[in-house]
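What follows is a walk through selected strands, sheets and residues. Please keep the sequence and the coordinates at hand while reading.

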Amino acid sequence: MSTPLPGPSERAAEPPLARDLRRDRWRVVVAYLVLALVWILCSDAAVKVLAGDLQTAAQWQTLKGTFFVVASAALIYLLLRPLAQHVLHTHARLEHSETRHRQMFEGNPGPILVYDLESLAILDVNPAAAGFFGFSREAFTAMPITALWPPGHEAMLEAKLEHIRAHPEQLCVITADLRLSDGSTRRMEMRSNFIDYGGRRARLLIAIDRTREDQALLRRDQALARVEEAHEMARIGAWEIDPATGLGRYANQVYRLLGRRPPEARRWHRFDELLVPADPATAALSEQLLQEMSSGEPVQIDVLLPLLAMDGRALMVHLRAESGQDDAGRPRVLGTLQDVTEREQSRRLLREREEQFRELVRVLPDGVVILSEEHVLYANACAATQFGYGHNTLLGEPLAALVTADDLPRVRAQLFAQLPPQSAGAGEVIGMRRFNGHAFQAGLAVGDVRYGGRDCKLLIVRDLSEPERIREALETSNRELQAMAGRLFSLQEDERRAISRDLHDDIGQAITAMKLSAYAAQDEQDAARRDEDLAQIIQLADATVGKLRDISTLLRPPQLDALGLEAALRWQAGVLFRSAAIELLPDIQSLPRRPAGDIEQACFRIAQESLTNVLRHARASQVNLHLRDVDDHGLHLQVRDDGEGFDPDGPRGLGLIVMRERAQSVGGTLRIESAHGAGTLIDLYLPYRATGATAHDALEH
């Protein structure tokens, strides 16, 4: 037999079923009394009218009583029949309701308990409560409700029970830890209300396990705290903006990274009230971003903004934003603001270091090659030039194409056998091979490097063919200098001999003739003859002075000192080509300032030697002489003829060697271009002030 479920409270309002039964009962009684009184009064009056004597009246009374009994019985039956049916139907509904509530009680998946409010004894539990707490129904009904609380909560529990007893009709909701049969505890939310359980004042208690929810909430709070710490460490803060108003709310990290104090409560601010742009361009960009976020259109923002903190610090912040919704489904622009100042500075420094390293590798005079699996993965411009490849065509070439077959095993051993690396230009010399197949000698240094995420080998190649060529050129130059020195002494002797001959033959004879004419004039008595002798002396003196002027001009033209380089060049070219069949085309521009004396002398002598060579050897029909200023840094002299030319790689005369030495001695450069049948070009660059030793002074004497 099932335990009766709790019914309505005595103080509760009367239920509709009892009200209907009471109403129907009184209807039957009142109807019966009314009909009985009407029958008695009406039937007695009718008997008096119909009966003539006492016997007839008695018979009518008997018939009347019999009819009344039968009619009243039928009437009572008819009146009580619907009432009985209603009672039976109601009873069936009550039994069905009790069964349904019992099933709901028993089948409820949550623990439900009924306990006596006074004695606190547990009166009934459902199977879910027995399964959850681990006690049987019999064990439950043998313990008080307080047995489910762990020790140490007696005072709190007693205060709560006193409140429930004082206000039994109120719904009570409490959350506490309850003890299971195995001694463990679970966090439970308990809802209880008052019920009449078989005439006993009781409480129906529904227990809801909130342990997992509390644990989830705890984990969520811990996760949020960790996220908050991560945001603090990463200097990133979240924010949201209402597109309808343009106002936004910002996390405390946003205020802190902008150098502001977080407000006591989160308030709505305009986006541009917090940000202080570092420049007008950033201010315009911020205004544009705010307009985009307030337009109501889908937003996708990812920009870097230079800002100023409240303390004046320069900040670089990374602003991200996209369209979204808040918890209520209202449109919002959600975003983050991250301080990336240090990251951007690190990136800038890294880019600068990379650019410096790249530039260093680019201008390095040695070839730099990175190999991956014996194939070229990277090569600088010097390496491409060394091996005769284009910068990109060298990529992908195998090691065997760059090293001679004889030295390839040694290079591989140095690459992969962990031999001590040789420094570039020192140690063993490796034979390398250019694109055209020509071999050259090189010093090799090997190392390990990471490139493109792979372990690679680094080769530094120093081309030793150029030092060898320089050494050979130096030896050749030394031989030329020795030959020039010998030839120079010979020329000096020849010049001295010619000057001595000119002085002896011309000047000396003229002076002797003047001396004899003077003696003759001294002894001459005839005035006319004496005047002739004096005139001859004057003529000889003039001729002697002219010859001395010619010798002095040949040694150093006075125009160079008096008028400067331009006038001296015009005079020298005019003198040399005055009677020649070669057309002279001078283009001598005025220099903005006068060069130093040694520069003028070197330029004049080189031009003099060049024009003399044209007259002596070129067999030219035309010669061009150009002099101009070079950006106020120096002067540029060119002598070009259309003569026969010569082989520049063949034997060179002393004049060309002396010209080159003159230019180098004062810090200039001389370039000679010529070919058979293509004429000759003398191209000279000189500074306005000498930067080298004036060794050419020795060549002047």
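Two strands count as paired if DSSP finds at least two bridges between them. The model described here is predicted.

Begin with the open sheet of five strands, whose order is β2-β1-β5-β4-β3 and whose pairing is antiparallel. Its edge strands are β2 and β3 (172-179), each of which pairs on one side only. Averaged over the sheet and with direction ignored, neighbouring strands are turned by 30° against each other. Helix α5 (residues 154-166) packs on this sheet and touches β1, β3, β4 (185-197) and β5 (200-209). The direction of α5 makes about 145° with that of β3.

At the β2 edge, three bridges hold the antiparallel pair formed by β1 (residues 112-116) and β2. One residue of β2 deserves a closer look: D124 lies in this strand, which spans residues 122-125. Which residue is the bridge partner of V114 in β2? The partner is D124. V114 is also among the residues that D124 touches when residues up to four places away in sequence are not counted; the others are R102, F105, I112, L113, R137 and Y197. With R102 there is, in addition, a polar contact of 3.3 Å between the side chains. Is D124 buried or exposed? Its relative accessibility is 5%, so D124 counts as buried, the cut-off for buried being under 20%.

A second open sheet has six strands in the order β8-β7-β6-β11-β10-β9, again with antiparallel pairing. Here the edge strands are β8 (269-270) and β9 (300-308), and each pairs on one side only. Within the sheet, β10 (residues 314-325) and β11 (residues 331-339) run antiparallel and are paired over nine bridges. In this pair, S323 stands opposite V333 of β11. Helix α10 (residues 341-363) lies across β9, β10 and β11, and runs at about 120° to β10.

Further along the chain, β19 (residues 634-641) can be followed through its pairing with two other strands. β18 (residues 622-630) and β19 are antiparallel and joined by eight bridges; across this pair, V623 stands opposite D641 in β19. The two strands form a hairpin with three residues between them. D631, which lies in the turn, has a positive phi of about 55°. β19 is also joined to β21 by eight bridges, and these strands too run antiparallel. On that side, R640 has L681 in β21 as its bridge partner. How many of the eight residues of β19 are buried? Seven are, and the strand is mostly covered.

Strand β21 (residues 680-687) contains D683. Because its relative accessibility is 1%, D683 counts as buried. Which side chains make polar contacts with that of D683? One is H636, at 2.4 Å, and another is R671, at 2.6 Å. Leaving aside neighbours within four places in sequence, D683 is in contact with H636 and R671, and also with L637, Q638, T669 and L670.

The two aspartates can be set side by side. D124 sits in β2 and has a polar side-chain contact with R102. D683 sits in β21 and has polar side-chain contacts with H636 and R671.

Technical notes. Residues numbered from 1 in each chain as written. Predicted model: local features only at pLDDT ≥ 70, side-chain atom pairs only at ≥ 80, totals over all residues. Heavy atoms only, no water. Helix = DSSP H or I, 4+ residues; strand = E, 2+ residues; numbered from the N terminus. Buried < 20%, exposed > 50% of the residue type's maximum accessible area, 1.4 Å probe, protein only. Polar contact = N/O pair within 3.5 Å; in protein donor to acceptor, adjacent residues only side chain to side chain. Contact = heavy atoms within 4.5 Å. Axes fitted to C-alpha atoms, helices over the stretch in contact; angles between N-to-C directions.
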